[in-house]
Amino acid sequence: NDRYCMIRVSSTQEIANNKAHHHFNKAALFGGLQYEALEAKGEGKIERSGFEPLPNTGEEVAEIADVFENSNIDYKVFSGDEGTESLFKSLSGSSIDILHLATHGKYIVNDVVEGYHDGDNALTNSVLAFSGVNERPISGLEQDDGIVTALDISQMNLPNLDLVSLSACESALGEYGLDDSIMGLQRGFKIAGANTILMSLGKVDDEATRILMIEFYRNLMSGKTKYQSLKDAQKYLRQVENGKYDKPEYWASFIMLDGVN
(Lines give C-alpha, C1' and ligand atoms only; values in the text may rest on other atoms or scores of the structure.)
Protein backbone atom coordinates (compact mmCIF):
# COMPACT_ATOMS: atom_id res chain seq x y z
CA ASN A 1 0.00 0.00 0.00
CA ASP A 2 2.89 2.38 0.73
CA ARG A 3 4.95 1.40 -2.28
CA TYR A 4 2.38 1.35 -5.09
CA CYS A 5 -0.45 3.54 -6.33
CA MET A 6 -3.34 1.25 -7.31
CA ILE A 7 -6.63 2.88 -8.26
CA ARG A 8 -9.68 0.68 -8.87
CA VAL A 9 -11.93 1.81 -11.70
CA SER A 10 -15.23 0.44 -12.90
CA SER A 11 -14.11 0.95 -16.51
CA THR A 12 -11.23 2.49 -18.44
CA GLN A 13 -13.61 5.31 -19.32
CA GLU A 14 -13.10 6.63 -15.78
CA ILE A 15 -9.40 7.16 -16.55
CA ALA A 16 -10.11 8.77 -19.90
CA ASN A 17 -12.64 11.19 -18.41
CA ASN A 18 -9.95 12.76 -16.18
CA LYS A 19 -12.53 14.57 -14.06
CA ALA A 20 -11.55 17.73 -12.23
CA HIS A 21 -11.41 17.79 -8.43
CA HIS A 22 -14.97 18.01 -7.13
CA HIS A 23 -16.16 20.93 -5.00
CA PHE A 24 -18.46 19.56 -2.31
CA ASN A 25 -21.56 21.48 -1.29
CA LYS A 26 -24.11 19.25 0.43
CA ALA A 27 -23.83 16.09 2.55
CA ALA A 28 -26.00 13.59 4.43
CA LEU A 29 -24.58 11.51 7.28
CA PHE A 30 -26.12 8.45 8.96
CA GLY A 31 -24.65 7.11 12.22
CA GLY A 32 -25.43 6.39 15.86
CA LEU A 33 -28.59 4.66 14.67
CA GLN A 34 -31.11 3.07 17.01
CA TYR A 35 -31.62 -0.47 15.80
CA GLU A 36 -34.26 -1.38 18.35
CA ALA A 37 -38.00 -0.86 17.88
CA LEU A 38 -39.17 2.64 17.01
CA GLU A 39 -42.54 2.00 18.66
CA ALA A 40 -44.11 -0.41 21.14
CA LYS A 41 -44.45 -4.00 19.97
CA GLY A 42 -47.86 -4.92 18.65
CA GLU A 43 -49.69 -7.55 16.67
CA GLY A 44 -48.03 -8.51 13.39
CA LYS A 45 -44.49 -7.82 14.55
CA ILE A 46 -41.58 -10.16 15.26
CA GLU A 47 -38.13 -9.59 16.74
CA ARG A 48 -35.10 -9.80 14.46
CA SER A 49 -31.76 -10.11 16.22
CA GLY A 50 -28.22 -9.66 14.93
CA PHE A 51 -27.82 -5.88 14.74
CA GLU A 52 -26.07 -4.70 17.90
CA PRO A 53 -25.49 -1.00 18.74
CA LEU A 54 -22.39 0.56 17.15
CA PRO A 55 -21.22 3.02 19.83
CA ASN A 56 -18.53 4.70 17.73
CA THR A 57 -20.71 5.59 14.75
CA GLY A 58 -22.44 8.46 16.55
CA GLU A 59 -19.14 10.08 17.42
CA GLU A 60 -17.89 9.34 13.91
CA VAL A 61 -20.62 11.31 12.16
CA ALA A 62 -20.48 14.10 14.76
CA GLU A 63 -16.76 14.65 14.16
CA ILE A 64 -17.17 14.43 10.38
CA ALA A 65 -19.95 17.02 10.68
CA ASP A 66 -17.47 19.32 12.45
CA VAL A 67 -15.04 18.87 9.54
CA PHE A 68 -17.84 19.77 7.12
CA GLU A 69 -18.80 22.77 9.25
CA ASN A 70 -15.27 24.12 9.03
CA SER A 71 -15.33 23.58 5.26
CA ASN A 72 -18.64 25.43 4.76
CA ILE A 73 -20.47 22.31 3.58
CA ASP A 74 -24.22 22.16 4.09
CA TYR A 75 -24.87 18.90 5.93
CA LYS A 76 -27.53 16.97 7.80
CA VAL A 77 -26.90 14.24 10.38
CA PHE A 78 -29.46 11.46 10.84
CA SER A 79 -29.03 9.47 14.07
CA GLY A 80 -31.06 7.67 16.72
CA ASP A 81 -34.53 6.89 15.41
CA GLU A 82 -34.25 9.45 12.59
CA GLY A 83 -32.18 7.28 10.27
CA THR A 84 -34.97 5.13 8.91
CA GLU A 85 -35.21 3.26 5.64
CA SER A 86 -37.93 5.61 4.41
CA LEU A 87 -35.87 8.69 5.28
CA PHE A 88 -32.88 7.29 3.41
CA LYS A 89 -34.99 6.53 0.35
CA SER A 90 -36.44 10.06 0.47
CA LEU A 91 -32.96 11.34 -0.48
CA SER A 92 -33.67 10.14 -4.02
CA GLY A 93 -33.71 13.13 -6.33
CA SER A 94 -31.82 15.35 -3.88
CA SER A 95 -28.69 17.33 -4.67
CA ILE A 96 -26.35 15.79 -2.08
CA ASP A 97 -22.83 15.14 -3.30
CA ILE A 98 -21.51 13.31 -0.19
CA LEU A 99 -23.35 10.44 1.50
CA HIS A 100 -21.81 8.84 4.60
CA LEU A 101 -23.39 5.66 5.99
CA ALA A 102 -21.95 4.42 9.30
CA THR A 103 -24.03 1.35 10.08
CA HIS A 104 -24.21 -2.42 9.79
CA GLY A 105 -23.62 -3.96 6.38
CA LYS A 106 -23.87 -7.57 5.31
CA TYR A 107 -23.53 -9.71 2.22
CA ILE A 108 -25.63 -12.86 2.60
CA VAL A 109 -24.09 -16.05 1.22
CA ASN A 110 -26.25 -19.17 1.02
CA ASP A 111 -28.44 -18.00 3.88
CA VAL A 112 -32.19 -17.61 3.86
CA VAL A 113 -33.00 -14.51 5.89
CA GLU A 114 -36.74 -14.07 6.25
CA GLY A 115 -38.10 -10.89 4.75
CA TYR A 116 -35.43 -9.75 2.34
CA HIS A 117 -33.60 -12.73 0.81
CA ASP A 118 -34.41 -13.37 -2.83
CA GLY A 119 -32.72 -16.56 -3.99
CA ASP A 120 -29.30 -15.98 -5.53
CA ASN A 121 -29.87 -12.36 -6.49
CA ALA A 122 -26.78 -10.52 -5.26
CA LEU A 123 -28.61 -7.20 -5.32
CA THR A 124 -31.02 -8.38 -2.65
CA ASN A 125 -28.32 -10.21 -0.68
CA SER A 126 -26.30 -7.00 -0.17
CA VAL A 127 -27.89 -5.00 2.65
CA LEU A 128 -27.47 -2.01 4.96
CA ALA A 129 -29.25 -1.63 8.31
CA PHE A 130 -31.20 1.47 9.36
CA SER A 131 -33.14 2.58 12.43
CA GLY A 132 -35.63 0.04 13.76
CA VAL A 133 -34.07 -2.92 11.98
CA ASN A 134 -34.44 -5.29 14.95
CA GLU A 135 -38.21 -5.20 14.76
CA ARG A 136 -40.11 -5.35 11.47
CA PRO A 137 -43.58 -6.07 10.10
CA ILE A 138 -44.12 -9.72 9.19
CA SER A 139 -45.42 -8.72 5.75
CA GLY A 140 -41.86 -8.03 4.54
CA LEU A 141 -40.21 -5.99 1.83
CA GLU A 142 -42.87 -3.40 1.10
CA GLN A 143 -42.70 -2.15 4.70
CA ASP A 144 -40.17 0.13 6.37
CA ASP A 145 -38.32 -2.78 7.98
CA GLY A 146 -34.97 -1.05 8.44
CA ILE A 147 -33.24 -3.04 5.70
CA VAL A 148 -32.10 -1.41 2.45
CA THR A 149 -30.84 -3.70 -0.30
CA ALA A 150 -28.63 -2.91 -3.26
CA LEU A 151 -31.73 -3.40 -5.39
CA ASP A 152 -33.53 -0.67 -3.41
CA ILE A 153 -30.58 1.66 -3.92
CA SER A 154 -30.47 0.96 -7.67
CA GLN A 155 -34.03 2.33 -7.89
CA MET A 156 -33.02 5.67 -6.36
CA ASN A 157 -31.92 8.76 -8.29
CA LEU A 158 -28.74 10.40 -6.94
CA PRO A 159 -27.36 12.27 -9.97
CA ASN A 160 -25.09 14.66 -8.01
CA LEU A 161 -23.61 12.07 -5.64
CA ASP A 162 -19.86 12.35 -6.09
CA LEU A 163 -18.86 10.29 -3.03
CA VAL A 164 -20.59 7.63 -0.96
CA SER A 165 -18.71 6.23 2.04
CA LEU A 166 -20.02 2.86 3.21
CA SER A 167 -18.57 2.77 6.72
CA ALA A 168 -19.91 -0.74 7.24
CA CYS A 169 -18.89 -4.39 7.09
CA GLU A 170 -18.82 -6.32 3.79
CA SER A 171 -20.07 -3.34 1.77
CA ALA A 172 -17.83 -4.16 -1.21
CA LEU A 173 -18.87 -7.80 -1.50
CA GLY A 174 -21.09 -9.29 -4.17
CA GLU A 175 -21.10 -11.63 -7.14
CA TYR A 176 -19.79 -11.20 -10.67
CA GLY A 177 -22.41 -10.09 -13.17
CA LEU A 178 -22.51 -10.87 -16.87
CA ASP A 179 -20.31 -7.84 -17.58
CA ASP A 180 -17.74 -8.95 -14.94
CA SER A 181 -18.68 -6.09 -12.61
CA ILE A 182 -19.53 -6.80 -8.97
CA MET A 183 -23.25 -7.12 -8.29
CA GLY A 184 -23.77 -5.74 -4.80
CA LEU A 185 -24.04 -2.41 -3.01
CA GLN A 186 -21.48 -0.86 -5.34
CA ARG A 187 -23.61 -1.76 -8.38
CA GLY A 188 -26.69 -0.35 -6.66
CA PHE A 189 -25.03 2.99 -5.98
CA LYS A 190 -23.48 3.16 -9.45
CA ILE A 191 -26.89 2.69 -11.07
CA ALA A 192 -28.30 5.37 -8.74
CA GLY A 193 -25.66 7.81 -10.02
CA ALA A 194 -22.76 7.69 -7.54
CA ASN A 195 -19.31 8.53 -8.84
CA THR A 196 -16.85 7.32 -6.17
CA ILE A 197 -17.54 4.60 -3.58
CA LEU A 198 -15.53 3.94 -0.41
CA MET A 199 -16.37 0.47 0.93
CA SER A 200 -15.07 -2.58 2.79
CA LEU A 201 -14.21 -6.14 1.74
CA GLY A 202 -14.93 -7.75 5.11
CA LYS A 203 -15.62 -7.25 8.81
CA VAL A 204 -14.39 -3.91 10.16
CA ASP A 205 -13.59 -2.78 13.69
CA ASP A 206 -15.94 -0.13 15.07
CA GLU A 207 -13.31 2.07 16.76
CA ALA A 208 -10.63 1.74 14.08
CA THR A 209 -13.15 2.59 11.38
CA ARG A 210 -14.18 5.73 13.26
CA ILE A 211 -10.58 6.94 13.34
CA LEU A 212 -10.01 6.05 9.68
CA MET A 213 -13.13 7.80 8.41
CA ILE A 214 -12.58 11.02 10.32
CA GLU A 215 -9.01 11.26 9.08
CA PHE A 216 -10.17 10.49 5.53
CA TYR A 217 -12.51 13.49 5.53
CA ARG A 218 -9.91 15.75 7.12
CA ASN A 219 -7.58 14.86 4.27
CA LEU A 220 -10.29 15.29 1.66
CA MET A 221 -11.36 18.71 2.93
CA SER A 222 -7.71 19.82 2.97
CA GLY A 223 -7.67 19.46 -0.83
CA LYS A 224 -6.22 15.97 -1.30
CA THR A 225 -7.72 13.63 -3.88
CA LYS A 226 -10.12 10.97 -2.67
CA TYR A 227 -7.60 8.22 -3.37
CA GLN A 228 -4.77 9.99 -1.53
CA SER A 229 -7.11 10.88 1.33
CA LEU A 230 -7.85 7.20 1.92
CA LYS A 231 -4.24 6.09 1.52
CA ASP A 232 -3.01 8.69 4.00
CA ALA A 233 -5.83 7.85 6.43
CA GLN A 234 -4.83 4.17 6.35
CA LYS A 235 -1.23 5.12 7.06
CA TYR A 236 -2.35 7.39 9.90
CA LEU A 237 -4.47 4.63 11.47
CA ARG A 238 -1.51 2.24 11.45
CA GLN A 239 0.45 4.71 13.58
CA VAL A 240 -2.26 5.43 16.18
CA GLU A 241 -1.32 4.50 19.77
CA ASN A 242 2.05 3.08 18.76
CA GLY A 243 0.65 0.71 16.17
CA LYS A 244 -2.50 -0.51 17.95
CA TYR A 245 -4.27 -0.76 14.58
CA ASP A 246 -1.29 -1.69 12.42
CA LYS A 247 -2.61 -5.14 11.49
CA PRO A 248 -4.23 -5.27 8.03
CA GLU A 249 -7.52 -6.43 9.56
CA TYR A 250 -8.04 -2.86 10.81
CA TRP A 251 -7.25 -0.83 7.70
CA ALA A 252 -6.73 -2.93 4.57
CA SER A 253 -10.37 -3.95 4.13
CA PHE A 254 -11.34 -0.48 2.89
CA ILE A 255 -11.08 0.06 -0.84
CA MET A 256 -12.18 2.81 -3.21
CA LEU A 257 -13.86 2.52 -6.60
CA ASP A 258 -13.46 5.29 -9.18
CA GLY A 259 -11.46 7.59 -6.91
CA VAL A 260 -9.44 9.02 -9.79
CA ASN A 261 -10.11 12.59 -8.69
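## A tour of one sheet and the salt bridges

Begin with strands β5, β6 and β8, which form an open three-stranded sheet in the order β5-β6-β8 with antiparallel pairing. Strands β5 and β8 occupy the edges with a single partner strand each, so one side of each has no neighbour in the sheet. From one strand to the next, the twist averages 25°, where axes are lines fitted to C-alpha atoms (for helices over the stretch in contact) and angles run from 0 to 180 degrees between N-to-C directions. Strands (E, at least two residues) and helices (H or I, at least four residues) are DSSP runs numbered from the N terminus, and two strands pair if DSSP finds at least two bridges between them.

The model is predicted: local features need pLDDT of at least 70, side-chain atom pairs count only at pLDDT 80 or more, and totals for chains, interfaces and linings use all residues. Residues are numbered from 1 along each chain as its sequence is written, and side-chain values use heavy atoms, with hydrogens and water left out.

**Stop 1: strand β6**

Select residues 126–129, which make up β6. S126 and L128 point one way from this strand, V127 and A129 point the other way, and all are buried. Here buried means under 20% relative accessible area, exposed means over 50%, and partly exposed lies in between (1.4 Å probe, protein chains only).

**Stop 2: the neighbours of β6**

Add residues 105–107, strand β5, which runs antiparallel to β6 and is joined to it by three bridges. K106 has V127 of β6 as its bridge partner. Next, select residues 147–149, strand β8, which also pairs with β6 in the antiparallel sense over three bridges. In β8, I147 stands opposite A129.

**Stop 3: R210 and its partners**

Side chains of opposite charge can pair when their charged atoms come close. The structure holds 14 salt bridges, each defined as a side-chain nitrogen of Lys or Arg within 4 Å of a carboxyl oxygen of Asp or Glu. Select E59 and R210, whose side chains meet in a salt bridge at 3.4 Å, N to O. E59 belongs to helix α2 (residues 55–70) and R210 to helix α7 (residues 206–221), so the pair ties together parts 151 residues apart in sequence.

R210 also forms a salt bridge with E63, with the closest N and O atoms 3.3 Å apart. That pair likewise links distant parts of the chain, R210 in helix α7 and E63 in helix α2, 147 residues apart.

Is each of these residues buried, partly exposed or exposed? R210 is buried at 11% relative accessibility, whereas E59 is partly exposed at 39% and E63 is partly exposed at 23%.

**Stop 4: helix α3 and the network**

Select residues 85–89, helix α3, in which E85 and K89 are four residues apart, about one helical turn. Their salt bridge has its closest N and O atoms 2.6 Å apart. E85 is buried, with a relative accessible area of 3%, while K89 is partly exposed at 29%. Finally, select E59, E63, E207, R210, E215 and R218, which are joined into one network by salt bridges that share partners.
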